[in-house]
Amino acid sequence: MTNSDLKNAMQALKHLIGNSDCEQNDAELGILFDNCMQLRDLIENSTLSSIDNELQEAISTCIKALEKCTMMVNTLELFSCNETAEELQTASIRYLLLPAILGSLNLNVQNKNVSDRMTYVEIAEVYFKDFLRRCSDYELCESSLKYFKEILNKENSNEVNSDPSSVREKKIQLFKQKRELENKEMLLKSAILRPESEECIREYYFVLLEKWILIAVDELENLKREKEILISMPKKDISTSNIQDKKNVK
(Lines give C-alpha, C1' and ligand atoms only; values in the text may rest on other atoms or scores of the structure.)
Protein backbone atom coordinates (compact mmCIF):
# COMPACT_ATOMS: atom_id res chain seq x y z
CA MET A 1 0.00 0.00 0.00
CA THR A 2 1.23 3.50 -0.83
CA ASN A 3 0.25 6.89 0.55
CA SER A 4 -1.39 7.63 -2.79
CA ASP A 5 -3.67 4.59 -2.32
CA LEU A 6 -4.85 6.02 0.98
CA LYS A 7 -5.33 9.48 -0.49
CA ASN A 8 -7.21 8.19 -3.55
CA ALA A 9 -9.52 6.02 -1.44
CA MET A 10 -10.19 8.95 0.88
CA GLN A 11 -11.03 11.30 -1.99
CA ALA A 12 -13.31 8.69 -3.57
CA LEU A 13 -15.14 8.28 -0.28
CA LYS A 14 -15.54 12.03 0.17
CA HIS A 15 -17.13 12.17 -3.27
CA LEU A 16 -19.53 9.36 -2.36
CA ILE A 17 -20.50 11.04 0.91
CA GLY A 18 -21.58 14.11 -1.02
CA ASN A 19 -23.49 12.13 -3.63
CA SER A 20 -25.23 9.87 -1.10
CA ASP A 21 -27.49 12.77 -0.11
CA CYS A 22 -29.09 12.68 -3.53
CA GLU A 23 -30.54 9.18 -3.46
CA GLN A 24 -30.71 6.70 -0.62
CA ASN A 25 -31.24 3.10 -1.69
CA ASP A 26 -29.70 -0.31 -1.11
CA ALA A 27 -27.32 0.04 -4.05
CA GLU A 28 -25.98 3.43 -2.92
CA LEU A 29 -25.58 2.13 0.62
CA GLY A 30 -23.67 -0.92 -0.62
CA ILE A 31 -21.26 1.19 -2.66
CA LEU A 32 -20.66 3.59 0.22
CA PHE A 33 -20.12 0.76 2.71
CA ASP A 34 -17.72 -1.11 0.41
CA ASN A 35 -15.64 2.04 -0.04
CA CYS A 36 -15.64 2.59 3.72
CA MET A 37 -14.30 -0.91 4.26
CA GLN A 38 -11.64 -0.39 1.60
CA LEU A 39 -10.44 2.81 3.27
CA ARG A 40 -10.65 1.20 6.71
CA ASP A 41 -8.39 -1.64 5.53
CA LEU A 42 -5.89 0.89 4.15
CA ILE A 43 -5.94 2.74 7.48
CA GLU A 44 -5.44 -0.51 9.37
CA ASN A 45 -2.45 -1.51 7.25
CA SER A 46 -0.92 1.94 6.93
CA THR A 47 2.71 2.44 7.91
CA LEU A 48 2.13 6.14 8.53
CA SER A 49 2.55 7.53 12.02
CA SER A 50 -0.66 7.54 14.05
CA ILE A 51 -0.40 11.34 14.27
CA ASP A 52 0.15 11.83 10.52
CA ASN A 53 -2.28 14.46 9.24
CA GLU A 54 -3.24 12.49 6.15
CA LEU A 55 -3.94 9.35 8.16
CA GLN A 56 -6.01 11.31 10.66
CA GLU A 57 -7.96 12.89 7.81
CA ALA A 58 -8.61 9.42 6.39
CA ILE A 59 -9.86 8.21 9.78
CA SER A 60 -12.15 11.23 10.10
CA THR A 61 -13.49 10.71 6.57
CA CYS A 62 -14.13 7.02 7.18
CA ILE A 63 -15.97 7.77 10.43
CA LYS A 64 -18.14 10.36 8.70
CA ALA A 65 -18.96 7.93 5.88
CA LEU A 66 -19.79 5.09 8.27
CA GLU A 67 -22.06 7.42 10.23
CA LYS A 68 -23.75 8.19 6.91
CA CYS A 69 -24.12 4.46 6.29
CA THR A 70 -25.75 4.09 9.70
CA MET A 71 -28.25 6.83 8.89
CA MET A 72 -29.06 5.16 5.57
CA VAL A 73 -29.56 1.78 7.24
CA ASN A 74 -32.02 3.39 9.65
CA THR A 75 -33.80 5.28 6.87
CA LEU A 76 -34.12 2.14 4.75
CA GLU A 77 -35.31 0.18 7.83
CA LEU A 78 -33.12 -2.80 7.02
CA PHE A 79 -33.40 -4.30 10.50
CA SER A 80 -36.38 -5.15 12.66
CA CYS A 81 -36.61 -6.09 16.32
CA ASN A 82 -38.96 -8.91 15.30
CA GLU A 83 -36.42 -10.60 13.00
CA THR A 84 -34.31 -13.65 13.69
CA ALA A 85 -30.82 -14.20 12.31
CA GLU A 86 -32.22 -16.62 9.74
CA GLU A 87 -34.60 -13.93 8.46
CA LEU A 88 -31.87 -11.36 7.87
CA GLN A 89 -31.35 -10.47 4.23
CA THR A 90 -27.94 -11.70 3.11
CA ALA A 91 -27.01 -8.28 1.73
CA SER A 92 -27.91 -6.61 5.03
CA ILE A 93 -25.94 -8.82 7.43
CA ARG A 94 -22.69 -6.88 6.94
CA TYR A 95 -24.29 -3.65 8.15
CA LEU A 96 -24.48 -5.12 11.64
CA LEU A 97 -20.73 -4.45 11.71
CA LEU A 98 -21.19 -0.67 11.52
CA PRO A 99 -21.03 0.18 15.25
CA ALA A 100 -18.07 -2.15 15.83
CA ILE A 101 -16.01 -0.55 13.07
CA LEU A 102 -17.02 2.93 14.22
CA GLY A 103 -15.90 2.05 17.73
CA SER A 104 -12.55 0.86 16.45
CA LEU A 105 -11.94 3.93 14.28
CA ASN A 106 -12.85 6.37 17.05
CA LEU A 107 -10.07 4.87 19.14
CA ASN A 108 -7.60 5.80 16.39
CA VAL A 109 -8.44 9.50 16.47
CA GLN A 110 -5.47 11.47 17.76
CA ASN A 111 -6.29 13.38 20.96
CA LYS A 112 -4.59 16.44 22.44
CA ASN A 113 -5.56 16.00 26.06
CA VAL A 114 -7.10 13.71 28.65
CA SER A 115 -10.57 15.16 28.22
CA ASP A 116 -10.56 14.59 24.45
CA ARG A 117 -9.30 11.05 24.85
CA MET A 118 -11.94 10.25 27.45
CA THR A 119 -14.62 11.50 25.05
CA TYR A 120 -13.49 9.16 22.29
CA VAL A 121 -13.05 6.26 24.69
CA GLU A 122 -16.64 6.70 25.86
CA ILE A 123 -17.90 7.00 22.27
CA ALA A 124 -16.10 3.77 21.35
CA GLU A 125 -17.50 2.06 24.44
CA VAL A 126 -21.05 2.98 23.40
CA TYR A 127 -20.48 1.71 19.87
CA PHE A 128 -19.02 -1.61 21.00
CA LYS A 129 -21.83 -2.22 23.48
CA ASP A 130 -24.44 -1.30 20.87
CA PHE A 131 -22.86 -3.78 18.45
CA LEU A 132 -22.76 -6.57 21.02
CA ARG A 133 -26.32 -5.96 22.16
CA ARG A 134 -27.56 -6.05 18.57
CA CYS A 135 -25.76 -9.35 18.00
CA SER A 136 -27.24 -10.63 21.25
CA ASP A 137 -30.74 -9.60 20.12
CA TYR A 138 -30.28 -11.73 17.01
CA GLU A 139 -28.80 -14.53 19.14
CA LEU A 140 -25.69 -14.54 16.99
CA CYS A 141 -22.53 -16.37 18.02
CA GLU A 142 -23.73 -17.17 21.54
CA SER A 143 -20.47 -18.93 22.42
CA SER A 144 -18.55 -15.69 21.89
CA LEU A 145 -21.21 -13.39 23.35
CA LYS A 146 -20.83 -15.14 26.70
CA TYR A 147 -17.79 -12.91 27.30
CA PHE A 148 -19.95 -9.81 26.84
CA LYS A 149 -22.51 -11.16 29.29
CA GLU A 150 -19.70 -11.65 31.80
CA ILE A 151 -18.77 -7.97 31.41
CA LEU A 152 -22.37 -6.87 31.96
CA ASN A 153 -22.72 -9.11 35.01
CA LYS A 154 -19.58 -7.57 36.51
CA GLU A 155 -20.87 -4.06 35.87
CA ASN A 156 -24.27 -4.81 37.39
CA SER A 157 -22.78 -6.41 40.48
CA ASN A 158 -19.91 -3.89 40.85
CA GLU A 159 -17.57 -6.86 40.96
CA VAL A 160 -13.90 -6.07 41.44
CA ASN A 161 -11.37 -6.94 38.76
CA SER A 162 -10.64 -10.61 38.19
CA ASP A 163 -7.31 -12.00 39.28
CA PRO A 164 -4.47 -11.57 36.75
CA SER A 165 -4.18 -15.27 35.94
CA SER A 166 -7.83 -15.57 34.88
CA VAL A 167 -7.53 -12.36 32.84
CA ARG A 168 -4.51 -13.77 31.01
CA GLU A 169 -6.29 -17.08 30.41
CA LYS A 170 -9.27 -15.26 28.95
CA LYS A 171 -6.97 -13.21 26.72
CA ILE A 172 -5.38 -16.40 25.42
CA GLN A 173 -8.79 -17.94 24.71
CA LEU A 174 -9.95 -14.84 22.86
CA PHE A 175 -6.74 -14.74 20.83
CA LYS A 176 -7.04 -18.39 19.80
CA GLN A 177 -10.70 -18.03 18.85
CA LYS A 178 -9.99 -14.86 16.88
CA ARG A 179 -7.14 -16.55 15.01
CA GLU A 180 -9.39 -19.49 14.07
CA LEU A 181 -12.06 -17.09 12.82
CA GLU A 182 -9.51 -15.14 10.79
CA ASN A 183 -8.48 -18.38 9.08
CA LYS A 184 -12.13 -19.15 8.30
CA GLU A 185 -12.59 -15.61 7.05
CA MET A 186 -9.72 -15.99 4.58
CA LEU A 187 -11.11 -19.29 3.29
CA LEU A 188 -14.60 -17.86 2.80
CA LYS A 189 -13.68 -14.41 1.52
CA SER A 190 -13.75 -15.46 -2.12
CA ALA A 191 -17.43 -16.33 -1.68
CA ILE A 192 -18.46 -12.67 -1.72
CA LEU A 193 -17.19 -12.50 -5.31
CA ARG A 194 -19.58 -15.28 -6.31
CA PRO A 195 -23.14 -13.96 -5.95
CA GLU A 196 -24.60 -17.40 -6.62
CA SER A 197 -23.08 -18.88 -3.44
CA GLU A 198 -25.46 -17.18 -1.00
CA GLU A 199 -24.98 -19.76 1.73
CA CYS A 200 -21.21 -19.20 1.70
CA ILE A 201 -21.71 -15.44 1.67
CA ARG A 202 -23.92 -15.65 4.77
CA GLU A 203 -21.39 -17.87 6.50
CA TYR A 204 -18.61 -15.40 5.65
CA TYR A 205 -20.46 -12.48 7.21
CA PHE A 206 -21.42 -14.46 10.31
CA VAL A 207 -17.76 -15.43 10.75
CA LEU A 208 -16.83 -11.75 10.36
CA LEU A 209 -19.43 -10.80 12.96
CA GLU A 210 -18.11 -13.35 15.42
CA LYS A 211 -14.55 -12.10 14.93
CA TRP A 212 -15.71 -8.56 15.66
CA ILE A 213 -17.62 -9.76 18.71
CA LEU A 214 -14.33 -11.00 20.14
CA ILE A 215 -12.59 -7.76 19.15
CA ALA A 216 -15.33 -5.69 20.81
CA VAL A 217 -15.21 -7.74 24.01
CA ASP A 218 -11.44 -7.36 24.19
CA GLU A 219 -11.66 -3.63 23.50
CA LEU A 220 -14.25 -3.13 26.24
CA GLU A 221 -11.89 -4.72 28.73
CA ASN A 222 -9.05 -2.50 27.48
CA LEU A 223 -11.22 0.61 27.62
CA LYS A 224 -12.18 -0.08 31.21
CA ARG A 225 -8.49 -0.07 32.16
CA GLU A 226 -7.77 2.98 30.04
CA LYS A 227 -10.57 4.96 31.69
CA GLU A 228 -9.05 4.18 35.08
CA ILE A 229 -5.71 5.53 33.82
CA LEU A 230 -7.30 8.65 32.32
CA ILE A 231 -9.17 9.45 35.53
CA SER A 232 -5.91 9.33 37.46
CA MET A 233 -4.02 11.56 35.02
CA PRO A 234 -3.70 15.36 35.32
CA LYS A 235 -5.84 17.32 32.88
CA LYS A 236 -3.05 18.47 30.61
CA ASP A 237 -1.79 17.75 27.11
CA ILE A 238 -0.94 14.12 26.65
CA SER A 239 0.30 11.71 24.05
CA THR A 240 -2.18 9.01 23.14
CA SER A 241 0.72 6.63 22.65
CA ASN A 242 1.71 7.19 26.28
CA ILE A 243 -1.74 6.11 27.40
CA GLN A 244 -1.52 3.03 25.22
CA ASP A 245 1.84 2.16 26.79
CA LYS A 246 0.45 2.44 30.31
CA LYS A 247 -2.70 0.54 29.39
CA ASN A 248 -0.70 -2.37 28.04
CA VAL A 249 1.46 -2.76 31.13
CA LYS A 250 0.64 -6.11 32.73
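Why does Thr47 count as exposed? Thr47 counts as exposed because its relative accessibility is 75%, where exposed means over 50%. The model discussed here is predicted, and its chain has nine helices and zero strands, so that from the N terminus on the elements run α-α-α-α-α-α-α-α-α. Of the 250 residues in the chain, buried residues make up 44%.

**Nonpolar core**

- The largest nonpolar core has 75 residues, and those with the most contacts inside it are Leu32, Leu39, Ile43, Phe131 and Leu132.
- At least two residues of this core come from each of helix 1 (3-19), helix 2 (26-44), helix 3 (53-76), helix 4 (98-106), helix 5, helix 6, helix 7 (164-188) and helix 8 (198-232).
- Helix 8 gives the most to this core, its contribution being 16 residues.

**Salt bridges**

- The count of salt bridges in the model comes to ten, and, as a general matter, side chains of opposite charge can pair when their charged atoms come close.
- Glu57 forms a salt bridge with Lys14, in which the closest N and O atoms are 2.4 Å apart; this pair links distant parts of the chain, with Glu57 in helix 3 and Lys14 in helix 1, 43 residues apart.
- Glu57 is partly exposed, with a relative accessible area of 35%, and Lys14 is also partly exposed, with a relative accessible area of 33%.
- Asp34 forms a salt bridge with Arg94, the closest N and O atoms being 2.6 Å apart; because Asp34 lies in helix 2 and Arg94 in the loop between helix 3 and helix 4, the pair ties together parts that are 60 residues apart in sequence.
- Asp34 is partly exposed, with a relative accessible area of 40%, whereas Arg94 counts as buried at 13% relative accessibility.
- The side chains of Glu226 and Arg117 meet in a salt bridge with an N to O distance of 2.6 Å, and this pair links helix 8, which holds Glu226, to helix 5, which holds Arg117, across 109 residues.
- Both partners of that bridge, Glu226 and Arg117, are buried.
- Arg40, Asp41 and Glu44 are joined into one network by salt bridges that share partners.

**Loops and backbone angles**

- Thr47 lies in the loop between helix 2 and helix 3, and its C-alpha atom is separated by 8.9 Å from that of Thr2, although the two residues are 45 residues apart along the chain.
- Most residues other than glycine have a negative phi.
- Glu77, although it is not a glycine, has a positive phi of about 50°; Glu77 is found in the loop between helix 3 and helix 4, and it counts as exposed because its relative accessibility is 66%, with the cut-off for exposed set at over 50%.
- Glu139, likewise a residue other than glycine, has a positive phi near 55°, and its place is in the loop between helix 5 (114-137) and helix 6 (142-157).

**Surface charge**

- A negative surface patch is formed by Glu86, Glu87, Asp137 and Glu139.
- Within this patch, Glu139 is exposed, with a relative accessible area of 62%, so that Glu139 combines membership of the negative patch with a positive phi near 55° and a place in the loop between helix 5 and helix 6.

Key:
Residues numbered from 1 in each chain as written. Predicted model: local features only at pLDDT ≥ 70, side-chain atom pairs only at ≥ 80, totals over all residues. Heavy atoms only, no water. Patch = residues over 30% accessible without salt bridge, like charges linked within 9 Å, V, L, I, M, F, W, Y side chains within 5 Å. Areas by Shrake-Rupley, 256 points an atom, 1.4 Å probe, with all protein chains shown as cover. Salt bridge = Lys/Arg side-chain N within 4 Å of Asp/Glu carboxyl O. Lys, Arg positive; Asp, Glu negative; His and termini not counted. Charge placed at Lys NZ, Arg CZ, Asp CG, Glu CD. Helix = DSSP H or I, 4+ residues; strand = E, 2+ residues; numbered from the N terminus. Core = buried A, V, L, I, M, F, W, Y, C linked by side-chain atoms within 4.5 Å. Buried < 20%, exposed > 50% of the residue type's maximum accessible area, 1.4 Å probe, protein only.
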